[in-house]
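Please look over the model shown here before reading on. The text below is meant to be read beside it.

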Amino acid sequence: MEDKNLTRRQMVQRMALAIGGTLVAPTVLLESCSFDPDTSTAGPERLAILDAIAETIIPRTTTAGARDARIGAFIDVMIRDCYYPEMQEKLNAGIQEIAVEGKHALGGAFEEASQKDREGFIGVYDAAAAADGSHFFRTLKELTMLGYFTSEEAAADGVINYEPVPTRYDGCAPVDENTKVFYSNI
Amino acid sequence: MAEDKMHYDAIVVGSGISGGWAAKELTEKGLKVLMLERGKNVEHIKDYTNTNKDPWEFPHRGRATTAQEDRNPVLKRDYALNELNPDWWVDDQDCPYTEKKRFDWYRGYHVGGRSLMWGRQSYRWNREDFLANEKEGIATPWPIGYDDMAPWYTHVEKFAGLSGSHEDMDVLPDSVYLHAMDLNCVEQTAADRIRKAFDEKRRLIIGRTSNIAVPHHGRTGCQYRNKCWLGCPYGGYFSTQASTLPAAMATGNLTLRPHSIVKELIYDKDGKKAKGVVVLDAETNMTYEYTAPIVFLNASALNSTWILMNSATDVWEGGLGSSSGELGHNLMDHHFRVGASGTWEGDQDKYYFGGRPTGFYIPRFRNWGDDKRDYVRGFGYQGSASRGDWRRGVRELGIGADFKENISKPGPWTMGMTGFGEVLPYHENKIELDRTKTDKWGLPVLSFDAQLRENEAKMRLDMRQDAIEMLESAGFKDVAGWESDYALGMGIHEMGTARMGTAPENSVLNKWNQVWDAPNVFVTDGAAMTSASCVNPSLTYMAMTARAADYAVKELKKGTL
């Protein structure tokens with residue numbers, strides 16, 4: 001991951017030099033830091049259950065999964081900072097329900113169950129959220145996807161086509177079955 | 001702050017789009033200019049703090065926190081409240097205002113103003129835009145016409161750098177372009193079909209924008225990152241920092257003073273002109289007086305009017321320019337957030353690469369030529385076609401490996417557009433000083449009392465229906481009209497409140513943007529607008545400012561100011 005990052009920065013600098021004119025100050029480029037969530041208010045159990053829910057939605061395949069991208073920590077920060085108490089309580093109650101009911105249904109801790117078993121259990125929540133936009137799971141799914149598809153891991157593994165400095169625009173580019181979503185910003 | 005020099009040849013109040021142009025033109029003509037900016041300095045590139053960050057470096061991926069929302073009840077009404085450039089939007093607690101009726105006021109108090117965050121769409125007004133008030137007996141006639149403005153449009157376009165296509169349409173006169181950006185394949189097909197279906201009367205063209213992808217006056221040009229509003233280290237778009245400020249600084253004639261709130265103009269009632277300005281230092285709360293034979297007010301439309309309202313109140317209770325009875329009146333914006341969208345079944349083997357910093361534009365066609373509606377004026381559309389990304393997966397059924405694989409591929413094509421309609425200049429739509437409420441610096445705030453009226457309501461029906469009609473005629477499926485919450489101000493195109501006119505009885509400013517009651521005071525931002533057209537206004541402010549600056553310097557040399 002770090003190598004890829006350096007390569008990108010070197011690429012940006014090289015390109016800026018090649019273009020001439022206004023350059024990006026190197027200090028600006030080196031200030032870049034990676035995803036560094038403040039998890040000081042979350043316990044390890046909460047992060048584990050959130051990671052497991054997110055991983056159920058976006059599992060590791062040949063590419064990074066949600067747990068690799070620390071989406072549990074991302075969701076915790078988002079719930080803490082971006083939602084008011086009423087919604088926080090609704091989301092936290094839903095997470096608690098998944099933990100308790102999951103343990104009951106799967107015969108052991110939800111986060112320790114297999115991906116297949118977790119998918120079977122979470123599928124019910126996903127169906128409910130697809131039918132009802134106000135269902136707590138709709139928000140958990142949205143946060144999982146927002147966090148994952150804007151993560152360094154998804155970019156580095158080519159799950160999205162992340163080009164920080166495209167340098168050109170092609171309004172009619174061909175695609176094949178391997179083409180990934182082009183990502184330019186948030 | 002060096003306080004040795006208190007007298008200049010000209011003072012420019014504000015450093016946004018029009019203030020930057022005033023400073024450039026006046027300094028290049030040899031005047032020693034003091035540019036006052038109420039907010040902090042923002043240095044080109046160095047202070048674009050977030051522009052080179054990757055998305056994962058933002059803990060909330062761009063979204064506002066509840067702490068931000070609690071502090072900013074106005075900003076949170078739209079995209080202005082976010083994690084990416086929060087320092088460039090005015091803090092609602094420091095700078096409150098009064099809403100007799102809802103008005104969304106999104107402000108940028110820093111060097112460069114909203115030139116750093118603007119939408120960059122750049123269109124000339126057409127000949128009829130300047131004539132409509134007079135022909136229809138609405139408000140008051142413009143004192144200038146297209147021919148007065150045309151050479152100045154050309155002048156500012158050459159320096160600002162525009163991209164767009166030459167279309168030779170009376171309704172949307174061409175500008176000077178360095179190049180054009182491309183429509184994507186779906187937009188191009190739609191353009192061809194709409195042109196044919198509506199017999200050339202409706203046209204879909206690439207948006208005309210102050211973005212350039214070629215080197216221009218020391219700027220590298222657009223890299224298609226589509227992150228303009230974080231500040232562009234490549235100088236890809238026109239801003240004060242990328243364009244006018246370096247030109248003005250290069251003359252050696254410009255002094256820029258940030259943290260300088262202009263409280264009022266110093267009015268000489270015997271000489272009937274302004275002697276200078278009173279500045280409140282926003283950091284120290286000390287006041288200073290600066291003098292100059294010329295003052296340009298470019299504080300943004302409603303703040304330029306605020307300064308006039310606070311000036312010469314011993315002569316006119318309502319302030320300088322209030323003798324006309326029009327100061328603070330005729331507040332305008334562009335009304336939008338109504339249109340349609342649809343899906344496209346073809347071109348599944350086509351996609352786009354790069355973040356294009358503009359969409360398409362459909363110029364006005366209503367009440368144009370032989371078209372006649374039950375309202376006056378018209379609207380244009382802005383929109384784009386795109387393929388879905390991960391967001392489409394949120395509401396769809398699906399989790400797990402197959403879902404992940406599917407959602408990482410480009411989704412279906414959709415195309416959407418919103419109209420941007422002209423708001424008429426109603427005398428009843430107004431701002432006033434509210435002396436019962438003060439801001440962080442103890443200064444009185446503005447009070448808003450304005451609303452859309454019948455003409456706009458009728459127009460909005462067409463804005464929705466015509467969009468549906470065009471998408472359907474172009475072959476889009478599942479076409480649906482939509483309308484979302486719009487309040488005046490949301491267009492961030494505040495216009496009027498110190499309009500130009502033909503006589504002191506009907507207007508605050510004359511045909512050279514001079515205050516009738518103080519001819520050495522020029523107002524060349526949105527405040528000066530006598531009507532609104534339906535096209536984005538900033539290019540017109542640039543041209544108007546350059547025109548007025550040229551006149552001001554000539555008159556100064558003649559000794560008439």
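What follows goes from chain A to chain B and then to the contact between the two chains.

The model is a predicted one. Chain A contains eight helices and three strands. In sequence order its elements follow the pattern α-α-α-α-α-α-α-α-β-β-β. Of the 186 residues in chain A, 37% are buried. Among the contacts in chain A with a separation of 6 or more, 55% are between residues 24 or more positions apart.

Two helix pairs in chain A can be followed through helix 7. Two packed helices are described by the angle between their axes and the distance between the axes. For helix 6 (residues 115–131) of chain A and helix 7 (residues 136–149) of chain A, the axes come within 8 Å and cross at roughly 100°. Angles of 65 to 115 degrees count as roughly perpendicular, so helix 6 of chain A is roughly perpendicular to helix 7 of chain A. On the helix 6 side of chain A, the contact is made by A:Tyr125, A:Asp126, A:Ala128 and A:Ala129, and on the helix 7 side by A:Phe137, A:Arg138 and A:Lys141. Sorted by class, this contact of helix 6 with helix 7 of chain A has four nonpolar, no polar and three charged residues.

The second pair joins helix 5 (residues 85–106) of chain A to helix 7 of chain A, with an angle of about 90° and axes 9 Å apart. Helix 5 of chain A is therefore roughly perpendicular to helix 7 of chain A. Here A:Lys90, A:Leu91 and A:Gly94 of helix 5 of chain A meet A:Phe136, A:Phe137, A:Thr139 and A:Leu140 of helix 7 of chain A. The contact of helix 5 with helix 7 of chain A has four nonpolar, two polar and one charged residues. A:Phe137 is listed in the contact with helix 6 of chain A and again in the contact with helix 5 of chain A.

In chain B, an open sheet is a convenient place to start. Six strands form this sheet in the order 5-2-1-9-20-19, and the pairing is mixed. Its edge strands are strand 5 (254–257) and strand 19 (514–515) of chain B, each of which pairs on one side only. Within the sheet, strand 1 (residues 10–13) and strand 9 (residues 294–297) of chain B run parallel and are joined by four bridges. In this pair B:Ile11 stands opposite B:Val295 of strand 9 of chain B. Helix 1 (residues 17–28) of chain B packs on the sheet, where it touches strand 1, strand 2 (33–36), strand 5 and strand 9 of chain B. The direction of helix 1 of chain B makes about 170° with that of strand 2 of chain B.

The largest nonpolar core has 196 residues, and those touching the most other members are B:Ala10, B:Ile11, B:Val13, B:Val33 and B:Val295. Helix 11 (residues 538–558) of chain B contributes the most to this core, with ten residues. For B:Val13, contacts beyond four places in sequence include B:Leu36, B:Val262, B:Val277, B:Val295 and B:Ile307.

Elsewhere in chain B, strand 7 (residues 273–281) and strand 8 (residues 287–291) of chain B pair in the antiparallel sense over five bridges. B:Val279 stands opposite B:Tyr288 of strand 8 of chain B. The two strands form a hairpin with five residues between them, and B:Asn285 in the turn has a positive phi of about 65°.

B:Trp441 lies in the loop between strand 16 (430–438) and strand 17 (444–449) of chain B. Is this residue, B:Trp441, buried or exposed? B:Trp441 counts as partly exposed because it has 14 C-beta neighbours inside 10 Å. Leaving out residues up to four places away in sequence, B:Trp441 touches B:Ile261, B:Leu280 and B:Ala282. Its C-alpha atom is separated by 26 Å from that of B:Ala10, which is 431 residues apart from B:Trp441 along the chain.

The last part is the contact between the chains, which takes 61 residues from chain A and 54 residues from chain B. On the chain B side, the elements that give two or more residues are strand 12 (350–353), helix 8 (392–395) and helix 9 (401–407) of chain B. Strand 12 of chain B gives the largest share of that side, four residues. By class, the chain B side has 20 nonpolar, 16 polar and 18 charged residues. Strand 12 of chain B also pairs across the chains: three bridges join it to strand 2 (residues 170–174) of chain A, and the two strands run antiparallel. A:Asp170 stands opposite B:Phe353 of strand 12 of chain B.

How values were computed
Residues numbered from 1 in each chain as written. Chains lettered and ligands numbered in written order. Predicted model: local features only at pLDDT ≥ 70, side-chain atom pairs only at ≥ 80, totals over all residues. Contact = placed C-beta atoms within 7 Å. Nonpolar A, V, L, I, M, F, W, Y, C, P; charged D, E, K, R; others polar. Pairing = 2+ DSSP bridges. Axes fitted to C-alpha atoms, helices over the stretch in contact; angles between N-to-C directions. Parallel < 35°, antiparallel > 145°, perpendicular 65-115°, else oblique. Buried ≥ 20, exposed ≤ 12 C-beta atoms within 10 Å, placed from the backbone. Core = buried A, V, L, I, M, F, W, Y, C linked by C-beta atoms within 7 Å.
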